[in-house]
Amino acid sequence: MEDFSLQEMREIQCQLQEKYKDKWNPLSPEQGKNQLLWMMIELGEAADVMKKEGVRKIMDDRDTRAHFIEEMADALMYYNDILLCYGISIEEFKSIYLEKHKRNMKRW
C-alpha cells in the first residue's frame, strides 16, 4: 500500500487554493480562524454520520463509509489550510508531533 503523506496533501491544497484564489479568501493568519471553524464543522458532519448511521454501518455499508471518509477528508483539507495559514512547515509539525508522541508514551 502506498503512503499518502502530509506533504502530498499540502501540495494538493496549494493547487486548490491557487485554482480558487479569485473566489476564496487568501490563506493568512487572520484566515486561519475561519479555516479552523470550517474544520470543526466538517468533523461535526463526520460525527453526524456516526450518530445517525452508527459505527456498524460505517464499517459495513459502502455508501455510508464513503460519506464518512469524505467528511474526514474535508476536515483534513481544512487542517492543511490551517498549517498553511500559519506558515507551519512539515518539518516543524513533525518535530512537535514526535515530541508530543514521546511525552504521551511516558504518561502512564
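These legends go with three close-up views of a predicted model. Residues are numbered from 1 along each chain as its sequence is written, and side-chain values use heavy atoms, leaving out hydrogens and water. Because this is a prediction, local features need pLDDT of at least 70 and side-chain atom pairs count only at pLDDT 80 or more, while totals for chains, interfaces and linings use all residues.

**View 1. Y20 and W24 form a stacked aromatic pair.**
A search of the whole structure finds 4 aromatic pairs (rings of Phe, Tyr and Trp, using the six-membered ring of Trp, with centres within 6.5 Å). In this one, the centres of Y20 and W24 are 4.8 Å apart and the planes meet at 25°, which counts as stacked because planes under 30 degrees apart are given that name, those over 60 are edge-to-face and the rest are tilted. Y20 has a relative accessible area of 26% and W24 has 36%, so both are partly exposed (buried is under 20%, exposed over 50%, partly exposed in between; 1.4 Å probe, protein chains only).

**View 2. Y79 and F93 meet edge-to-face.**
Here the ring centres lie 6.0 Å apart, with 80° between the planes. The pair links distant parts of the chain, 14 residues apart: Y79 sits in helix α4 (residues 62–85) and F93 in helix α5 (residues 90–105). Helices are DSSP runs (H or I, at least four residues), numbered from the N terminus. Y79 is partly exposed at 26%, and so is F93 at 23%.

**View 3. Y79 and F93 share an aromatic cluster with Y97.**
Look for these three residues together: Y79, F93 and Y97 form one cluster.

How values were computed
Helix = DSSP H or I, 4+ residues; strand = E, 2+ residues; numbered from the N terminus.
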